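This report describes a protein model, taking up in turn a sheet, the contact between chains and the pockets. The sequence and the structure are shown first.

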Amino acid sequence: MSAFLLLLRRELALAWGRGGGPLLALTFYAAIVTLLPLAAGSDPARLAVIAPGVSWLALALSSLLSLERLFERDFEDGALDLLALGPAPLEAVGAAKALAQFLANGAPLAVATPLAAILLGAPVSLAPLAFAAALIGGLAFAFTGGLGAALALGSKRGGLLVAVIVLPLFAPPVIFGAGALQAMAIGLPWAPGFLLLAAYAAGAVALAPLAMAAACRNALG
Amino acid sequence: MIESLSVRALSVRRGERLLFAAFDLEVKAGEAVALVGRNGAGKTSLLRAIAGLLLPEAGTVAFAGKAGALEADEARARGLHLLGHQDGLKSARTAGEELDFQARWTGGSQASAAEAARMLDLTPLLGLDVRRLSAGQRRRLALARLAASPRPLWLLDEPLAPLDAARREQAGELMTRHLADGGLILAAVHDPLPIPARTVEIGA
């Protein structure tokens with residue numbers, strides 16, 4: 001456990017600095033949300049209808065940003081060898097990396113999501129659910145994203161590959177999360193979508209570390 | 001912990017090419033082995049196969065302690081240092097942060113990291129970002145990790161290449177001390193090691 005915490009602290013310090021860290025993700029998020037009214041027209045009624053969906057689309061895209069470097073940098077500079085020969089198994093290494101990615105990127109984006117939805121015209125009463133769903137969705141994004149990052153290890157132009165691997169895995173949380181928000185906005189029961197989102201996140205947290213470790217072993221060997 | 005390493009009938013293939021086949025090696029506590037061979041003979045691959053990072057095509061790598069054979073994964077996770085071509089140091093972090101993390105990750109402590117830094121004259125560099133260090137300084141920082149955490153088996157890949165004569169001597173003292181404590185050293189080298197070592201050729 002202490003090894004896990006030691007590694008988590010290091011990963012957090014790296015994630016904070018990795019390509020601008022949370023600031024970059026937040027700026028990117030703000031840019032997408034700002035571009036939308038320019039592209040789709042500024043009619044408030046129309047924007048309000050698509051606000052929950054757009055806030056989730058921006059969330060998914062912003063979660064992709066720093067994934068490429070999650071394992072790649074350690075792979076390139078030899079640190080992954082060191083991590084593989086430590087007291088914690090590679091599964092724990094993958095989990096620590098994904099968790100740090102969530103804390104440094106997913107959590108700040110979850111704070112931004114309700115703000116963006118409200119700015120686009122969604123009712124303020126949606127904010128608590130928007131925050132909770134983005135927080136849980138961020139966990140799913142970080143762990144499935146980590147899986148994609150590990151699978152793309154060692155390939156040229158890995159960033160693009162990560163996006164291609166990961167976006168299909170991002171589809172279920174986007175469907176469930178944005179669906180729950182839409183349902184609440186029009187007065188339908190939102191719990192089913194929210195619970196499915198939580199179940200997907202739990203599955204990702206449980207299973208992705210196993211796959212990350214296998215992908216890392218494959219890349220090292 | 002690890003008292004002996006035995007490699008039996010090891011074959012390693014990289015892609016289409018068979019690097020070496022039926023390679024045998026025995027290293028005992030207190031012994032240093034210099035692994036020599038032409039470029040591309042498989043020295044690095046052998047070290048990585050012993051460390052468990054690379055799956056050999058055939059053969060076994062076994063570790064034994066005082067009480068007999070050790071479970072290989074456990075022995076690797078607690079008893080082995082691999083110092084490769086790359087030192088795994090993050091250029092954006094300070095030398096002190098990196099040494100501290102690497103030492104503690106491999107079983108050392110903050111105090112042992114500071115002590116190792118002092119031993120290798122690295123203390124004045126600890127506040128600098130790793131990117132400001134020279135190749136030799138980075139290698140000494142990586143060597144300090146070995147000194148800072150007590151793991152018996154050292155697998156070294158060209159450990160002295162970027163070091164000047166005085167620093168090689170210093171690294172030699174570090175190795176001598178490790179051997180005196182019952183450590184094992186297997187080093188892939190082109191230049192001779194600064195300590196008495198048995199030479200084993202690979203891919204002859």
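In this predicted model, chain B contains an open sheet of four strands, which follow the order S2-S1-S4-S5 and pair in the antiparallel sense. The edges of the sheet are taken by strand S2 (17-28) and strand S5 (68-70) of chain B; each has a single partner strand, so one side of each is left without a neighbour in the sheet. On average, and with direction ignored, neighbouring strands of the sheet are turned by 30° against each other.

**Strand pairing in chain B**

S1(B) takes part in two of the pairings described here. With S2(B), it pairs in the antiparallel sense over eight bridges. Within this pairing, B:Val7 stands opposite B:Leu25 in S2(B). The hairpin of S1(B) and S2(B) has two residues between the strands, and in this hairpin B:Gly15 adopts a positive phi near 65°.

Strand S1 (residues 4-14) of chain B also pairs with strand S4 (residues 58-65) of chain B, again in the antiparallel sense, over six bridges. Two residue pairs place this register: B:Ser4 has B:Ala64 in S4(B) as its bridge partner, while the bridge partner of B:Leu5 in S4(B) is B:Phe63.

**Helices across the sheet**

Two helices of chain B lie across strands of this chain. Helix H1 (residues 43-50) of chain B lies across S1, S2 and S4 of chain B and runs at about 120° to S1(B). H2(B) lies across S4 and S5 of chain B, and its direction makes an angle of about 60° with S4(B). H2(B) returns below, where it contributes to the lining of the largest pocket.

**Contact between the chains**

Chain A contributes 25 residues to the contact and chain B contributes 24 residues. Between them, the two chains bury about 2100 Å², of which 61% is on carbon and sulfur atoms. On the side of chain A, three leucines stand out: A:Leu6, A:Leu82 and A:Leu85 supply 33% of the area that chain A buries against chain B, more than any other three residues.

**Pockets**

The two pockets are set side by side in the table.

| Pocket | Volume | Lining residues | Nonpolar | Polar | Charged |
|---|---|---|---|---|---|
| Largest | about 500 Å³ | 22 residues | 15 residues | three residues | four residues |
| Second largest | about 250 Å³ | 14 residues | seven residues | four residues | three residues |

The lining of the largest pocket includes residues of both chains: A:Ala84, A:Arg217, B:Gly52, B:Asp73 and B:Arg76 lie nearest its centre. The elements that give two or more residues to this lining are helix H9 (191-220) of chain A and helix H2 (72-79) of chain B. Of these elements, H2(B) gives the most, with four residues. H2(B) thus appears both in the lining of the largest pocket and across S4 and S5 of chain B.

For the second largest pocket, the lining residues nearest the centre are B:Ala147, B:Pro150, B:Trp154, B:His178 and B:Asp181. Helix H5 (135-148) and helix H6 (165-180) of chain B each supply at least two residues of this lining. The greatest contribution comes from H6(B), which gives three residues.

Note on methods:
Residues numbered from 1 in each chain as written. Chains lettered and ligands numbered in written order. Predicted model: local features only at pLDDT ≥ 70, side-chain atom pairs only at ≥ 80, totals over all residues. Heavy atoms only, no water. 1 Å grid on protein atoms, 1.4 Å probe; cavity = no way out; pocket = protein on both sides within 12 Å on 5 of 7 lines; lining within 4 Å. Points joined across faces, edges and corners; volume = space filled by probe spheres on them. Nonpolar A, V, L, I, M, F, W, Y, C, P; charged D, E, K, R; others polar. Pairing = 2+ DSSP bridges. Axes fitted to C-alpha atoms, helices over the stretch in contact; angles between N-to-C directions. Contact = heavy atoms within 4.5 Å. Buried area = accessible area lost by both parts, 1.4 Å probe.
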